[in-house]
Amino acid sequence: MPNSLSDQVISTAPSGPYRGFSVPVALGALGAVVALFLWIILQADQAMAALTLGKEFTLSFFHSWFIYAISGFVGLCLCVAALPACGRIRLGADGERPEHSTPAWLSMILCAGIGAGALIYSVSEPLSHLALNPSVINGSVEANSDANATLALSYTYLHWGLSAWACYTVLGLAIAYFGYRRRMPLTIRTALSPLLGRSYDGPLGDAIDVMSILAIIMGIATTLGYGVRQFVFGVNLIAASSTPSSPQSMPDPLWQLAALALAGAIATTSALMGGIKVLSVLGAWLFAAVLIGFSFVGDLAAALERLAVSVWTYIASLPRNATHVAVADGTERAQVMAAWQIDWTIFYWAWWIAFAPFVALFLARVSRGRSLRAFILGCMIAPVGVCAIWFSFVGGTALDIQLDPAAGIDLQRVATGAQIYETIREIAAPGIARFWSAIYAALLMLLLITTLNAGILAINAIAAAGCETRCVPHHIIIWGAAVTAMIGSLIIAGGTEAIRNAMIIGALPFSFVIALAGVCVAVSLARELRRTRA
C-alpha cells in the first residue's frame, strides 16, 4: 500500500476552548460567516447588489465550466468502476471487510443525499418542464402535451440523476481512499493531499477546509431557504383551506423566519444529543409512506410504464444533455435555451457542488471496507433509482392532473410552494387530503432538521481536524446559531433569490476542489496499480 503520505496529521490546539480543534479553520470559517452576516444585515442593498454582480460574473465566465466539470465527474466514476483492477481496490487494508451491511449502508446513503430537496421540487420541477424545456424550445414537442410528459420527467432525472451523485462520489472517493489507505484524517483537504504535500498542515490546507465549511453553509441555506417557504405554505393551506392563486404569492417572511428558528433549535438540540439517527429513520419511514400513498393513486400500470419510458429517455439523451452548453448567440431561441439552462441545470450543478463536502464526508465515513466499484455503484445507481421512482409517482401524479381537461385546477398557476398540497387535494377526499398534507409538511420539516443537523456535525468535524467524535457542546451551539442566523439574514435581505445567488458564487471555488480531488485520486490509483503489477 502506498505510504508516502501516511500518518499525516492536522495541528490542533492543545488546550483552551479550542482544544482538539484546528484554530485557523474554526475561527477562520466562523469569522467569515459573522462578517457575511453583518454585511448582509447592515448593508443589505449593497450586499444584494454584490451577490447579483457576483452571480452574473460567475455565469458569464464559468457557465461552460460547470457543465464540463460535472460531465467529467460522471465519466471518472464510471471509468473507475468499469476497470477491473481499480474496481477491486478496497477503501482500507487489502481484504478488509465492510463495517456495515449492504442494506444498512444503502439506507444511510439514501438518507444522506435524498432529503428535503426531493420534496421541495417533487411537483414543481416536472410541472415547470412540462411547460418549458429544451425540446419545447427547439420545437420538437408541444408544451403541456401528453408527449411532453415523459420528457418533463427525463429532464427532472437529468438534474437528480448520475450527474448530481457524481459530485458526491468523486469527493467521497478521494476522502475515503486517502483516509483509509493512507491513514489520513477524514476531512476535505485530505482529498487533495498529493497536491498539497507539505502544505497539507498549513495555510493552504486550512483555506481548503474553510472553503468547504462555507460551501456547506451555502448548500444548506438553499435547502432551508426553499424548504421553510414550502413548509409555511403547507401550514397556511392546511389551517386556512385556501389556495394562493398567483405564482408570485409568497408567505410572510416572518413566518419563514419562525419556521427556520424552529428547525435550527431542534437541529442544534439533536446534534447535542446525538439524535440524528432517530430523525433519519423516522424520515425514511415517512418518506416511504408518502411514496406508497402516491403509488396507489391512478393507474399503477400506466405509472410504471411512464417510469420505464422516462428513465430510458433520460439514459439515451444523457450524453448530449449533460455536455451541451447553451449559448445565447443573439437569436430568441438561443437566449431562451441559455436562460433555461442557467435557471435549472447550472443552478442544480452549483447546489450539488455546494452540498458535496457535507455528503461526501458522510459517504466516506460509512464506506470503510467497500471496494471502489461497490462504493461508486452504491453511491450513484441506487439513489438515482429511488429519485426516479419518487419523481415518477409524485411528480407524475401532478402531470396527470395538469393534462386532464376535467381537472378542477391549473397547477401551473398555483404558487410553486403550494403545488404539492393542491395536488394532494385534487386526488384525495378533503379529510384525507388535509391529513396527507400534514404528513407531507411534517416530513419536510423533519428532513430540513436532519439536513441542518448533519450540516452542523459536518462543519464541526472539519473544524476538529476530521475528528467526528469531538462534539464539544458550545461549538455545536455556536455553529447551529451561526448557520441559522446566516440563512435568516439572506431570507430577510433578498429571499430565495439572494440565497440562490450566494450559493452559485460559493460553489464556484469548491468545484475546482472537487475537480482536483478527482485528478489526485485518478493519478494515485494509476500509481498504485503500477506498483501492484511491479
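This tour moves from the whole chain to one helix, then to one residue of that helix, and finally to a pocket.

**The whole chain**

Begin with the full model, which is predicted. Display the secondary structure: the chain comes to 19 helices and zero strands. The radius of gyration is 23 Å, close to the 24 Å that the globule rule gives for 534 residues, so the chain is as compact as a globular protein of that length. Along the principal axes, the C-alpha trace spans about 70 × 50 × 50 Å.

Next, colour the chain by burial. Of the 534 residues, 57% count as buried. If a surface is drawn, its accessible area comes to about 20700 Å², with 65% of that belonging to carbon and sulfur atoms. Contacts may be displayed as well: among those with a separation of 6 or more, 81% join residues 24 or more positions apart.

**Helix α6**

Now select residues 124-131, which form helix α6. This helix is mostly covered, with six of its eight residues buried. The buried positions are Ser124, Glu125, Pro126, Leu127, His129 and Leu130. To see what surrounds them, add α5 (116-120), α8 (146-160), α15, α16 (372-403) and α17 (419-427), against which the buried residues of α6 pack.

**Serine 124**

Within α6, centre the view on serine 124. Is this residue buried or exposed? Serine 124 has a relative accessibility of 11%, and because the cut-off for burial is under 20%, it counts as buried. Then show Thr416 and Gln419: leaving aside neighbours within four places in sequence, these are the residues in contact with serine 124.

**The second largest pocket**

Thr416 leads to the next stop, since it is also named among the residues closest to the centre of the second largest pocket. This pocket has a volume of about 660 Å³. Of the 24 residues that line it, select Tyr121, Ser128, Trp344, Thr416 and Arg500, the closest to the centre.

Which elements give two or more residues to the lining? They are α6, α11 (203-240), α15 (332-365) and α19 (473-533). Highlight α15 in particular, as α15 gives the most to the lining of this pocket, with five residues. Finally, colour the lining by residue class: it divides into 12 nonpolar, eight polar and four charged residues.

To close, keep α6 and α15 in view together: α15 is one of the elements against which the buried residues of α6 pack, and both helices contribute to the lining of the second largest pocket.

Conventions: Residues numbered from 1 in each chain as written. Predicted model: local features only at pLDDT ≥ 70, side-chain atom pairs only at ≥ 80, totals over all residues. Heavy atoms only, no water. Helix = DSSP H or I, 4+ residues; strand = E, 2+ residues; numbered from the N terminus. Buried < 20%, exposed > 50% of the residue type's maximum accessible area, 1.4 Å probe, protein only. Contact = heavy atoms within 4.5 Å. 1 Å grid on protein atoms, 1.4 Å probe; cavity = no way out; pocket = protein on both sides within 12 Å on 5 of 7 lines; lining within 4 Å. Points joined across faces, edges and corners; volume = space filled by probe spheres on them. Nonpolar A, V, L, I, M, F, W, Y, C, P; charged D, E, K, R; others polar. Rg over C-alpha atoms; globule rule 2.2 N^0.38 Å. Areas by Shrake-Rupley, 256 points an atom, 1.4 Å probe, with all protein chains shown as cover.
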